[in-house]
Structure formats: C-alpha cells, structure tokens
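Me: I am new to this structure and would like a close look at a single part of it. Which residues line the second largest cavity, and which elements do they come from?

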Amino acid sequence: MISDFNWMKRMLSHNVRMPSAVIAGYGELLRQGLLAPEEQKKAILDICENIDYINELLCLVLEDGVQDGASEERVELTAQLERMRRYISEVTKRNAIQITLHTESPEMYISMPQPALMRVLYQLFENAVKYMDEGTTIAIQAYFVEEESILVVFKNDGRGIPAKEAKRTLEKGFRGGNSHGKAGCGSGLAEVKQIMERYGGSIDVASGVENGFSVFLRFRTYREERK
C-alpha cells in the first residue's frame, strides 16, 4: 500500500508541474486581457489540451501503471514538438530561455500514444529548465535515421554535469552533484527511459562541465512509414 502511494506521488509530482504551469501562464494572460481574440482561442485550446493530458495521467495512475506497447498508435512528432516548444516558451519567458526547433520533415510519424509522448517531452523540458541559467538555449533537432527510427536530439547549453555522472541520470533515484537545493527525487529521466523502451525506443545522454546536457531519443517510426 505504501509503495503504491509512493509511486502515485512520484508519478503526479513529476508529470503535473509543467502542464499546470502552462495552464496557469495562459490563464494569467487571459485574466489580464493581454491576448488578442485569435490568441485567446488558441490559448483556450492549449489549456484544454493540457487539462486532457492531466486527466490522462490521473487515469494512468488509477489504472496502476504505464500502458504496454503491444498495440501501435500513430502520432505526428513534428506537430507535438512544435506545440510543446510553444507551451514551454510561455513558461520560460521570464528566464529568457530560448527554445529552437528544427525537424527534417514537416511530418514525422512515430509509434507511441500521444499522452506517453507528452510525458517524455514535459520531463525533458522540466529537467532542462530546472538546471539552466537565464539567457541559455534549448535546441531540438529531429531527423530520420536508418529505416525504422527517428532521432530527436534535445540539447541545452547550461552548465552540464561531469561526464561520469551523465549516464547515471538514467538510473532511478540518482541525483547529480548540481541538484542540491533543487526539487525532485531523481526519477524523471528514469521514467523517460521506461517509456521509451516500453514503446520500442531508446534514450542516451551526454554531458560535460560547462558543456551543456544532451539527450538522444530514438523513436520507432509508425509501421506504415517504414520502408
């Protein structure tokens, strides 16, 4: 019973903070009347989508676990990356953190449910922003590799961590030396690893002191896109 409660607590704390910040950010802009009519419509749609995402998380917690990857679900990766970039840009404006995105194709389909993809991206953004200084940059690139994979490189130019610690960030419970005073329990990237492997993908990382932190996500393309 205690372990179940702890799992639910970790699950919610690691996945609700960022969408909640997005909802609050758009809500404040709407409250102050700072958005034009067309921008208001888009903000409301984004708020609704993030609420749907949180509801998906609650359902996942109540169903006790990540769905298995036996069935394939087609998700357009480029649109999701751009949508997430837009969300997080609103959250990071006050820190002057820039987010750039370049994709090889306007349409890149992967085999992963949208809620699972959103969890992966939110975790990466939250992890990056937590350790980045004002005025730094997150650069995202996505391109096809081999015949059945899409590689997404998620790099920030923050302070980074020693190379020997980088690989251990994928271990559940590990927290690097730069995490002192930062909220968290060291399960963010470990959860990303679990999700990626569950849906036939993989994750790798690289870093160095004063050399930023890079995450390499390899997604399995949707079966109809495979050669």
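Reply: In this predicted model, the second largest cavity is lined by L124, N127, A128, F154, N156, L189, F213 and V215. Sorted by class, this lining holds six nonpolar and two polar residues, while no charged residue takes part. The space inside the second largest cavity comes to about 40 Å³, and the search of the whole structure that turned it up finds three cavities of 30 Å³ or more. Three elements each give two or more residues to the lining of the second largest cavity, namely helix 4 (114–130), strand 5 (149–156) and strand 7 (213–220). Of these, helix 4 provides the largest share, with three residues.

Since helix 4 contributes that share, its packing against another helix deserves a look as well. The axes of helix 3 (residues 77–92) and helix 4 come within 11 Å and cross at roughly 40°, and the crossing of the two is right-handed. On the side of helix 3, the contact is made by L77, Q80, L81, M84, R85, Y87, I88 and T92, and on the side of helix 4 by Q114, L117, M118, L121, Y122, F125 and V129. By class, eleven nonpolar residues take part in the contact of helix 3 with helix 4, together with three polar residues and one charged residue.

Technical notes
Residues are numbered from 1 along each chain as its sequence is written. This is a predicted model: local features need pLDDT of at least 70, side-chain atom pairs count only at pLDDT 80 or more; totals for chains, interfaces and linings use all residues. Side-chain values use heavy atoms; hydrogens and water are left out. On a 1 Å grid over the protein atoms alone, a cavity is a set of points where a 1.4 Å probe fits but cannot get out, and a pocket is an open set with protein on both sides within 12 Å along at least five of seven lines; lining residues have an atom within 4 Å of a point. Grid points are joined across faces, edges and corners, and a volume is the space filled by probe spheres set on the points. Helices (H or I, at least four residues) and strands (E, at least two) are DSSP runs, numbered from the N terminus. Ala, Val, Leu, Ile, Met, Phe, Trp, Tyr, Cys and Pro count as nonpolar, Asp, Glu, Lys and Arg as charged, and the others, Gly among them, as polar. Axes are lines fitted to C-alpha atoms, for helices over the stretch in contact, and angles run from 0 to 180 degrees between N-to-C directions. A crossing is left-handed if the near helix is turned anticlockwise from the far one by less than a right angle, and right-handed if clockwise. Contact means heavy atoms within 4.5 Å.
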